[in-house]
Amino acid sequence: MFFVIGKIIHKKFMTSQEKIIAKNNEGKFICVGLDTDVSKIPSYLQNDIDGVFKFNQSIIEATKEYAAAYKINFAFYEQAGSEGINELERTVELIPTDILSIADAKRGDIGNTSEMYAKSIYEHFGFDAVTLHPYMGKDSLQPFLDYSDKMNYVLVLTSNPGANDFEKLKLADGRFVYQKVLETVIDWNEKNNCGIVFGATKIDELRFNLKDFCKLSVLLPGVGAQGGSLEDVSTSFRDSHRKNFLVNVSRGIIYKSSNSDFAEAARGEIILMNKICSINK
């Protein structure tokens, strides 16, 4: 978004919240997961020293017109050491400034450590949002919450089977741990900069708790390879008259084709997914 003063073109600053609302209002709900595994990209790029970056560049270029967000899982880049971090930094710079960039780093620690993590995500790497775990309490997340123009997605109920180990333990009042976390995140949302991560594989729990999400933005992983249904998720939100959600899809988009047409295949898939998700269909 730009405006002109004289001959100088200035970019209008958009908060993370504004980016999410704008894309959702445009009927865009898909977050493209750039969890790029060098062993799964086309073979001709596997042999290229800059193959991961070139793959990401092609995916972003092909999907940016239709993407609501991009999520980068740090593990896929950190495992390659300094070269991987360089790929991550360069990839973030490719994401258009009006599209939300999410650091899937699942941070959460105490004191100065959390401050340094927050500075790393928001000031060094320049992300718009981050995933956080709440296990150590509010003080472990406060440095992130202090960034009022960012979006902090707190893990509530995750998509993996192990969610049952702790997140679905029952409390003395009969609620589950994840429901207590949800209630607490709503209390923390004083600056409207909290969101939640809620697994698309937990569709019954999603439907039951949607009424309690209030104004929280919702990031939903688990569609596709993990077994979550895009149709079920979109129907649940549509029936509740809510549209502030992002469905993360990684493998189902970026690896739609393993050939040289991978970018075109990714574009076709995200267009189809947005149609399924559209609150207005």
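In the predicted model, strands β9 and β10 run parallel to each other and are paired through three bridges. Within this pairing, V218 has F245 of β10 as its bridge partner. The connection between the two strands passes through helix α11 (residues 230-239), and β9, α11 and β10 together form a right-handed β-α-β unit. On its other pairing, β9 is joined in the parallel sense to strand β8 (residues 194-198), again over three bridges, with I196 standing opposite V218. A right-handed β-α-β unit is likewise made by β8, helix α10 (residues 203-209) and β9. Strand β9 itself (residues 217-220) is covered on both faces, S217 and L219 being buried on one side and V218 and L220 on the other.

The pairing extends from β10 to strand β3 (residues 30-33), which runs parallel to β10 and is joined to it by three bridges; here I30 stands opposite V247. Strand β3 is also parallel to β4, to which three bridges join it, and in this case G33 is placed opposite K71 of β4. In a regular strand, side chains alternate between the two faces of the sheet. In β3, I30 and V32 point one way whereas C31 and G33 point the other way, and all of these residues are buried.

The loop between α11 and β10 contains S240, which counts as partly exposed because its relative accessibility is 28%, a value that lies between the limits of 20% for buried and 50% for exposed residues. The C-alpha atom of S240 is separated by 7.4 Å from that of L210, although the two residues are 30 residues apart along the chain.

For the protein as a whole, the secondary structure amounts to 13 helices and 10 strands, and 51% of the 281 residues count as buried. The C-alpha atoms fill a box of roughly 55 × 40 × 40 Å along the principal axes. The radius of gyration is 19 Å, which agrees with the value near 19 Å for a compact globule of 281 residues.

The largest pocket encloses about 510 Å³ of space. Its lining comprises 27 residues, of which D35, K71, P221, Q226 and N248 are the closest to the centre of the pocket. At least two lining residues are supplied by each of β4 (69-73), β5 (100-107), β10 (245-249) and α12 (251-254). K71 thus appears both among the residues closest to the centre of this pocket and as the residue of β4 opposite G33 of β3. By residue class, the lining of the largest pocket consists of nine nonpolar, 11 polar and seven charged residues.

The second largest pocket has a volume of about 380 Å³, and among the 14 residues that line this pocket, P134, Y135, E167, V177 and V181 are the closest to its centre. Two or more lining residues come from each of β7 (151-157), α8 (163-166) and α9 (177-188), with α9 giving the most, namely four residues. The lining of the second largest pocket divides into nine nonpolar residues, four polar residues and one charged residue.

Key: Residues numbered from 1 in each chain as written. Predicted model: local features only at pLDDT ≥ 70, side-chain atom pairs only at ≥ 80, totals over all residues. Heavy atoms only, no water. 1 Å grid on protein atoms, 1.4 Å probe; cavity = no way out; pocket = protein on both sides within 12 Å on 5 of 7 lines; lining within 4 Å. Points joined across faces, edges and corners; volume = space filled by probe spheres on them. Nonpolar A, V, L, I, M, F, W, Y, C, P; charged D, E, K, R; others polar. Buried < 20%, exposed > 50% of the residue type's maximum accessible area, 1.4 Å probe, protein only. Pairing = 2+ DSSP bridges. Right-handed = clockwise from strand over helix to strand, strands pointing away. Rg over C-alpha atoms; globule rule 2.2 N^0.38 Å.
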